[in-house]
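Here are a few short exercises to work through with the model open on your screen. Try each task before you read its solution.

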Amino acid sequence: MPSYYITPDLLIYLFDMVGVVACAIAGTLLAQHKGFDIAGCILVSMANAIGGGTIRDVIIDRHPLFWMTDLNYIIVITITSLVLQIFFHLYHKIDTALKFFDAIGLAAFSVIGLKVALSQGVAPAIAVLMAVCTAIVGGMVRDIICNEIPLVLQREIYITASVIGSCCYFVMQAIGIEPGINDLLTLGIIFFIRILALIFDWHLPSIRLVD
């Protein structure tokens with residue numbers, strides 16, 4: 001076997017770290033914009049980056065919590081937040097930057113949540129719910145701490161992107177696509193749905209009864 005072969009577990013870990021970095025950036029951007037101090041920015045970035053995964057693990061009874069057995073999560077989040085705080089002045093369009101990194105985190109954490117839930121033997125429908133939980137809870141906590149209306153509660157194509165991508169995962173699995181490629185394709189589907197929604201201003205319609 002070639003020395004450069006990436007195992008499925010390593011690929012998932014890399015996805016997790018991509019999501020952690022992206023969410024740490026998004027959390028720090030918003031906290032810095034709101035005028036939080038150094039510790040406050042780090043706290044918000046941690047809530048954003050590991051909040052969803054923590055709730056997921058509690059729900060499916062997966063112990064110990066992932067970040068308690070691997071300090072790389074805390075270290076990566078802290079370093080990312082500190083570096084970004086130093087160079088925060090380079091981010092002039094806070095809203096655009098926040099939503100871009102949030103989209104990366106949404107995609108990466110949806111795949112992670114899905115895979116972790118499936119590894120615990122849950123049904124596909126529950127795995128999709130855990131993908132959504134992993135992807136959105138951290139961002140909700142971040143926005144609440146920063147006194148913002150959470151993105152997922154607005155008319156955004158956000159949860160929908162995670163659900164569509166997760167469902168596509170099972171379709172591609174059924175037709176025999178190799179797991180590693182399936183993971184990458186799922187991540188790409190979720191990311192591009194979210195980005196296209198931002199570019200073309202797609203929104204979910206509201207359902208209201210006609211008076």
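**Exercise 1. How many helices and how many strands are there in the chain?**

Solution. Keep in mind that this is a predicted model. Count the elements: you get 8 helices and 0 strands. Reading along the sequence then gives the pattern α-α-α-α-α-α-α-α.

**Exercise 2. Work out which radius of gyration a compact globule of 211 residues would have, and set it beside that of the chain.**

Solution. Start from the rule, 2.2 Å times the number of residues to the power 0.38. For 211 residues, this puts a compact globule near 17 Å. The chain has 17 Å, so the two agree. For the outline, the C-alpha trace spans about 60 × 50 × 30 Å along its principal axes. Now look at the packing: buried residues make up 49% of the chain. Take the contacts between residues at least 6 apart in sequence, and 74% of them join residues at least 24 apart.

**Exercise 3. Is Ala-108 buried or exposed?**

Solution. First find the residue: Ala-108 sits in helix H5, residues 94-119. Next, recall the cut-off: buried means under 20% relative accessible area. Ala-108 comes in at 0%, so it counts as buried. Leaving out residues up to four places away in sequence, Ala-108 touches Phe-15, Gly-19 and Leu-187.

**Exercise 4. Find how many positive and negative side chains the chain has.**

Solution. Tally each set: 10 are positive and 15 are negative. Then locate the centres of the two sets, which lie 6 Å apart. As for the surface, about 11,000 Å² is accessible, and carbon and sulfur atoms account for 71% of that.

Note on methods. Residues are numbered from 1 along each chain as its sequence is written. This is a predicted model: local features need pLDDT of at least 70, side-chain atom pairs count only at pLDDT 80 or more; totals for chains, interfaces and linings use all residues. Side-chain values use heavy atoms; hydrogens and water are left out. Helices (H or I, at least four residues) and strands (E, at least two) are DSSP runs, numbered from the N terminus. Buried means under 20% relative accessible area, exposed over 50%, partly exposed in between (1.4 Å probe, protein chains only). Contact means heavy atoms within 4.5 Å. Accessible areas come from the Shrake-Rupley method with a 1.4 Å probe; for residues, only the protein chains shown count as cover. Lys and Arg count as positive and Asp and Glu as negative; His and the chain ends are not counted. The place of a charge is taken as NZ of Lys, CZ of Arg, CG of Asp or CD of Glu.
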